[in-house]
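Dear colleague,

I am passing on the structure below, together with some notes on what turned up when I went through it. Please read the notes with the coordinates open beside them.

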Amino acid sequence: MSEEDVYILAVESSCDETSAAVIKNGNEILSNIVASQIKSHMRFGGVVPEVASRHHVEQITQVLESALDESEMTMEQIDAVAVTEGPGLVGSLLIGVSAAKAMAYAHGKPLLAINHMAGHIYANQLVQPLVFPLLALIVSGGHTELVYMPEDGVYEVIGETRDDAAGEAYDKIGRVLGLSYPGGKVMDEMAHKGEETLQFPRAMMKEDHYDFSFSGLKSSVINTIHNARQKGDDLDPFNVAASFQASVVEVLVTKTIRAAKEKQVQQLLLAGGVAANKGLRTALTEAVRNELPDVELLIPPLKLCGDNAAMIGAAAYIEFKKDEFSSLSLNARPGLMLE
Ligand code: KG4
Ligand code: ZN
């Protein structure tokens, strides 16, 4: 343990995972505890905010203790406490923010307020050093964004979804197919067992901006399923998944590659829950190899794609270095933007 080493205790509770982690120097995971509530939300077919808040309250103390235990650190050795301030569900965010403030106050440590989306991007720093300028494609249950970063901690959102997020489209179609929430992962597996027999729209793919739209695609897929059911036609759900995934992946990859070329970036980063998608990982890897051989592609391991506190600790290190500390009056900001 050298003098300059920085140890951050990070907390994440923006949606349905209660998580705490201890991160060394923004790139080394000493612990990363994630308590998922998915089972509790499954029977409702989505995250119920009140249920999520209650679970966070029940879990947070134990999760914080486990993160410290597993890292073999004490609060005395921790340099700062970081927490997701937004975006997310207000009731969920508040539990993490309150717990982090209590820890910071009780132990006299500075507090760092972190944007959840920045966390998803910096999950990649736990794998490899970031090199700028870079472009990040963030695809999650709530967001689909292309973010240009000229340097550490500076974000320019150059494109975003105008309606549904990619993960949201996966989950809503998954529900119509009878899958339990969240359906994204199973749809991905199904897509690999089916074939692209149906032609679904690829919205905004050729337009000269970097925004996305997935709600038309979602409606088109759901209408196809309903029409087939009404007529009593046989529609192979595996082929539906494969056809839908082909459309999502083609749009995401085409626009991301075009933006990376225009911005002349050194690195391309994939981030967010949908970054776990096998089809997307493979297609993006191939496209970068063929069209941008000089650009380095970073894709986090599966366990760092979904929500976790390690990524918050990685993003927090940048704010720590810049002395961007927060006061104890910090509040949750459910609609917080990256820029
Ligand atoms: O980042 P995340 O854990 O939570 C948010 O901040 O939204 O992302 C969760 C989303 C869900 O919509 C889930 O269905 C989706 O990521 N997801 C996937 C896959 N694994 C998770 N979507 C497609 N393919 C996957 N393999
Ligand atoms: Zn997320």
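Please bear in mind throughout that this is a predicted model. I begin with helix α7, where the buried residues are covered by parts of the chain that include α5 (166-176) and α8 (237-263). The buried residues of α7 are L217, K218, V221, I222, I225 and A228. They cover an arc of only 130° around the axis, and therefore lie on the same side of α7. The face turned away from that buried side carries Q230 and K231, both of which are exposed.

The length of the helix can be checked too: α7 runs over residues 215-231, and because each residue should contribute 1.5 Å, its 17 residues are expected to span 24 Å, which agrees with the 24 Å between its end C-alpha atoms. After α7 comes G232, which has a positive phi, near 75°.

The other part to look at is the zinc ion (ligand 2), whose protein donors are H116 (NE2), H120 (NE2) and D307 (OD), at 2.0 to 2.2 Å from the ion. Along the chain, these donors follow the spacing H-x3-H-x186-D. Since H120 belongs to helix α4 (residues 116-122), whereas D307 sits in the loop between β10 (296-298) and α10 (309-321), the pair ties together parts that are 187 residues apart in sequence. H120 and D307 are both buried.

With best regards

Note on methods: Residues are numbered from 1 along each chain as its sequence is written. Chains are lettered from A and ligands numbered from 1 in the order in which they are written. This is a predicted model: local features need pLDDT of at least 70, side-chain atom pairs count only at pLDDT 80 or more; totals for chains, interfaces and linings use all residues. Side-chain values use heavy atoms; hydrogens and water are left out. Helices (H or I, at least four residues) and strands (E, at least two) are DSSP runs, numbered from the N terminus. The expected span of a helix is 1.5 Å times one less than its number of residues. Buried means under 20% relative accessible area, exposed over 50%, partly exposed in between (1.4 Å probe, protein chains only). The arc is that of the directions from the helix axis to the C-beta atoms. Contact means heavy atoms within 4.5 Å. Donors are N, O and S atoms within 2.8 Å of the metal (3.2 Å for Na, K and Ca); water is not among the atoms, so sites may look incomplete.
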